[in-house]
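Reader: I am a first-year student and should be grateful for a close look at a single part of this structure. Would you please take the sheet and explain how its strands are arranged and what lies against them?

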Amino acid sequence: MKKIAILGGGSWGTTLANLLAEKGLDVSLWNRNSNIFIKRKNKLYNKKYLPDYELSKNLLIQNNLEKAINSSQLLIIAIPSKYFKEFSRKISKYLTNQKVLILTKGIEKKSFMTMSEVFIQETKFPKKSVMVLSGPNIADEIMRKNISASVIAGKNLSTLEKVSQLFNTKYFKTFISQDIKGVEMSGALKNLYAICSGLSDGLGFESNTKAMLLTRALKEMSNLFQEIKANPKTLLGLSGVGDLIATSSSTKSRNYSFGFFLGQGISPKEALDKIDQSVEGFGTLKVIYQKKNNFRIKMPIVDVLYQIIYLNKNPKKCFLNFLNESGNIDT
């Protein structure tokens, strides 16, 4: 896989494009608005999402979507989930025999499908050629070369090994898994609980509260996993506990920041406007709320978030009611 194309020039897509380019790989990066990439003193920057970081000289900014796809052997998709279905349909006519790696985290509203399932449905692409990547990855930290790891999931072990090796550096390591459903659901669900963690901090609560929230979050996620026939053990890995810890603690996490603003009394709309980037947990919340009602399972944290975000209830009152709604069974 000598030629790699990344579709989506947000913070995460740009970060991984830069990581691969720094290894000397042939990497092109496409974004709908290529004007976010600028040169200052002959150095390349993403002025909107990563303005403080110089990007690799090996990274090619590609303006032509068809050309980016046709010239690639590995296609990496980092498009926000709300555009993902339409985008998959759009690019289906350009696909040939590439391997596809999906970075997008989320759940499709109407069907409850994960992003890889949406992609396969819309493109009729073979399942064996589709993989996903997820984990505790704050883009800013990886740009600063903090030691980090992620997990790549797919059905073909040989392909997983080859793609995994592409990403491995002295500071970034990828592990592999064959539980695509579990890895994707973990990545989507943790966004909800990162919002709640930020909400707790915004309300002024401290470590005990956060520890309680994160452990109860794992319980709720496990209950849902049983209903959708995903492997609960995946929750103990990088896409589950790992991602939950990272995004529930970092001010660089958009979901955490969204929750923090809510805790400080800012309305959901104003909070989204302040962040000015995709907050995946916002849309996923409505999907999970409806699905857990269909399954008739208790997910008190999801209930609290829904009341605050979609019913405009008082954040502190709702948050305090969480304890009364949680029952008394630990695990």
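Author: The following account begins with the sheet, moves to one of its edges, and ends with two helices.

The model is predicted. It contains an open sheet of eight strands, and their order across the sheet is 6-2-1-7-8-9-10-11. The pairing in this sheet is mixed. In general, strands of a sheet pair through backbone hydrogen bonds, and they may do so in a parallel or an antiparallel manner.

Which strands stand at the edges? They are strand 6, residues 60-62, and strand 11, residues 172-177. Each has a single partner strand, so one side of each is left without a neighbour in the sheet. From one strand to the next, the twist averages 25°.

Strand 1 (residues 3-7) and strand 7 (residues 74-77) offer an example of pairing: they run parallel and are joined by four bridges. Within this pair, leucine 7 has isoleucine 77 of strand 7 as its bridge partner. Helix 3 packs on the sheet, where it touches strand 1, strand 2 (26-30), strand 7 and strand 8 (99-102). The direction of helix 3 makes about 155° with that of strand 7.

Let us now return to the edge. Strand 6 includes glutamine 62. Is this residue buried or exposed? Glutamine 62 has a relative accessible area of 13%; the limit for a buried residue is under 20%, so glutamine 62 counts as buried. Leaving aside residues up to four places away in sequence, glutamine 62 touches Ser28, Leu29, Trp30, Asn31, Lys67 and Ala68. In addition, a polar atom of the side chain of glutamine 62 lies 3.0 Å from the backbone nitrogen of asparagine 64.

Helix 3 also leads to another element, for it is among those that cover the buried residues of helix 12. The cover also includes helix 7 (180-202), helix 8 (207-228), helix 10 (254-263) and helix 13 (300-309). Helix 12 spans residues 280-295, and its buried residues are Glu280, Gly281, Thr284, Leu285, Val287, Ile288 and Lys292. From its first C-alpha to its last, this helix of 16 residues reaches 22 Å, close to the 22 Å expected at 1.5 Å a residue. Just after helix 12, arginine 296 takes a positive phi of about 60°.

Finally, helix 6 (residues 157-167) has Thr159, Leu160, Val163, Ser164, Leu166 and Phe167 as buried residues. Seen down the axis of helix 6, these fall within an arc of 150°, so they line one face of the helix. The N-terminal end of helix 6 is capped by asparagine 156, with a side-chain oxygen 3.0 Å from the backbone nitrogen of serine 158.

Key. Residues numbered from 1 in each chain as written. Predicted model: local features only at pLDDT ≥ 70, side-chain atom pairs only at ≥ 80, totals over all residues. Heavy atoms only, no water. Buried < 20%, exposed > 50% of the residue type's maximum accessible area, 1.4 Å probe, protein only. Helix = DSSP H or I, 4+ residues; strand = E, 2+ residues; numbered from the N terminus. Arc of directions from axis to C-beta. Polar contact = N/O pair within 3.5 Å; in protein donor to acceptor, adjacent residues only side chain to side chain. Expected span 1.5 Å × (residues − 1). Contact = heavy atoms within 4.5 Å. Pairing = 2+ DSSP bridges. Axes fitted to C-alpha atoms, helices over the stretch in contact; angles between N-to-C directions.
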